[in-house]
Amino acid sequence: MKKYKKHSLLLLVIVMFILPLLLDIYWLDVLTLVLFYVVLTQGLNIVVGYTGLLDLGYAAFFAVGAYTTAILMTTFHWSFWLTLPVAAIFAAVAGIIVGTPTLRLRSDYLAIVTLGFGEIVRILAINLDITGSASGIYGIPRPTIGSYVLSSQQDFYYLILIVAILSVLVVYRLGHSRIGRAWVYIREDEDAAEAMGINRIRLKLLSYATGAVIGSLAGSIFAVKMSAIAPLSFSFLQSVMILLAVVLGGLGSIPGVVIGAALVIVLPEVLRGAEDWRYLIFGVALVIMMIFRPQGILPKKYETEDRSDPEEETNDKNHSISV
């Protein structure tokens, strides 16, 4: 079964690399936006799906990555590739600063605080001179690989496709690690997890910072693809759409979240011919989906997995989960 899944995934990756040769510019741009959402939803999936932290301001980390890359490239003339680790560090630091006092909260209180954080970042982007105020930042240079300039739609498609594949692999490995299992324990019952020796505050911060880093990478690529960014691109609605894709696909489910990201972007485009009715049809479809599939399209099944290495199983039994 596992071998069959690996072959299916390999075939899917090959198809994704071939698709730009078969699609026109419009649908290639839609597919590129889907991949952006795949990266963003994988980052939010760590926070919401694995750890159970309701985040309504995730677009703020998307903005941190985009503005960090834009400022460093336009004002300080940095290479795009050098801005990526800096954007990731800034996003992680922002996540830790916000998370340290707020992640002790639970439920609706945490959602309200994260919503406020997202709005603070957007308002700062509107009012600060270094971010270009409400007009944003224009003339962001294109990234280069040697003498080759990434400028075409296909170039950015392949770039975000590689980042999407890496983000899926990272989230998968984290989800199947001791840290991932600790996140799930925190999501299910924080008090019981803490009684088992899990440092819930530190694990929550790690979850929040990891999700922030993944979101910032998508923001950095978004900045150079568009060559211009403005605060309007990082509104509360953006955070809602990312969260919607995670919930629609299935909390904690990597393939489900990918499907959710695709539906959130593609379905409104398919219904574009319906003009003013398309958002109503889209909303009704989502409501029906939530009624008949409340756990998402492809929910995560937390089952005891068979282990091929009996020594690893013995070691896990002999060691308490103390992260």
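Here are some exercises with worked solutions on the predicted model shown above.

**Exercise 1. The crossing of α2 and α7**

Task: Find how helix α2 and helix α7 cross, and list which residues make the contact.

Solution: Start with the helices themselves: α2 covers residues 25-50 and α7 covers residues 178-188. Their axes come within 8 Å and cross at roughly 45 degrees. Parallel takes an angle under 35 degrees and perpendicular one of 65 to 115, so α2 is oblique to α7. Next, look at the side chains and backbone that meet there. From α2 come Ile46, Val48, Gly49 and Tyr50, and from α7 come Trp183, Val184 and Arg187. Finally, sort these contact residues by character: 5 are nonpolar, 1 is polar and 1 is charged.

**Exercise 2. The buried side of α7**

Task: Name the buried residues of α7 and say which helices they pack against.

Solution: Pick out the buried positions to begin with, which are Gly180, Ala182, Trp183, Val184 and Ile186. Then look at what surrounds them: the buried residues of α7 pack against α2, α6, α8 (190-195) and α9 (200-226). Two of these buried residues, Trp183 and Val184, also belong to the contact with α2 from the previous exercise.

**Exercise 3. Ser167 in its helix**

Task: Decide whether Ser167 is buried or exposed, and describe the helix that holds it.

Solution: Ser167 is found in α6, residues 153-175. That helix has 23 residues and reaches 32 Å from its first C-alpha to its last, close to the 33 Å expected at 1.5 Å a residue. Now compare the accessibility with the cut-off: buried means under 20%, and Ser167 has a relative accessible area of 6%, so Ser167 is buried. Ser167 has company in this respect, since the buried residues of α6 also include Phe156, Leu159, Ile160 and Val163. As for partners beyond four places in sequence, Ser167 touches Val39, Gln42 and Ile214.

**Exercise 4. The nonpolar core**

Task: Identify which members of the largest nonpolar core touch the most other members, and follow one of them to its contacts.

Solution: The core holds 82 residues, and Leu44, Ile140, Ile229 and Phe234 touch the most other members. By element, α2 gives the most to this core, with 15 residues. As background, nonpolar side chains in soluble globular proteins tend to be buried together. Now follow Phe234: leaving aside neighbours within four places in sequence, its contacts are Ala59, Phe62, Ala63, Ala66, Tyr67, Arg122, Phe222 and Ile229.

**Exercise 5. Ala230 in a loop**

Task: Locate Ala230, classify its burial and find its contacts.

Solution: Ala230 sits in the loop between β4 (228-229) and α10 (236-249). With 19% relative accessibility, Ala230 counts as buried, as the limit is under 20%. Setting aside neighbours within four places in sequence, Ala230 contacts Tyr67, Ala134, Ser135 and Gly136. One further distance is worth checking: the C-alpha atoms of Ala230 and Tyr138 are 8.7 Å apart, though 92 residues separate them along the chain.

**Exercise 6. Two serines with positive phi**

Task: Ser133 and Ser227 have a positive phi; give the angle, loop and exposure of each.

Solution: Take Ser133 to begin with. Its phi is about 55 degrees although it is not a glycine, and Ser133 lies in the loop between α5 (107-127) and β1 (137-138). At 23% relative accessibility, Ser133 is partly exposed. Turning to Ser227, its phi is about 60 degrees, again in a residue that is not a glycine. Ser227 is in the loop between α9 and β4, and with a relative accessible area of 22% Ser227 is partly exposed.

Key:
Residues are numbered from 1 along each chain as its sequence is written. This is a predicted model: local features need pLDDT of at least 70, side-chain atom pairs count only at pLDDT 80 or more; totals for chains, interfaces and linings use all residues. Side-chain values use heavy atoms; hydrogens and water are left out. Axes are lines fitted to C-alpha atoms, for helices over the stretch in contact, and angles run from 0 to 180 degrees between N-to-C directions. Helices (H or I, at least four residues) and strands (E, at least two) are DSSP runs, numbered from the N terminus. Angles under 35 degrees count as roughly parallel, over 145 as roughly antiparallel, 65 to 115 as roughly perpendicular and the rest as oblique. Contact means heavy atoms within 4.5 Å. Ala, Val, Leu, Ile, Met, Phe, Trp, Tyr, Cys and Pro count as nonpolar, Asp, Glu, Lys and Arg as charged, and the others, Gly among them, as polar. Buried means under 20% relative accessible area, exposed over 50%, partly exposed in between (1.4 Å probe, protein chains only). A nonpolar core is a set of buried Ala, Val, Leu, Ile, Met, Phe, Trp, Tyr and Cys residues joined through side-chain atoms within 4.5 Å. The expected span of a helix is 1.5 Å times one less than its number of residues.
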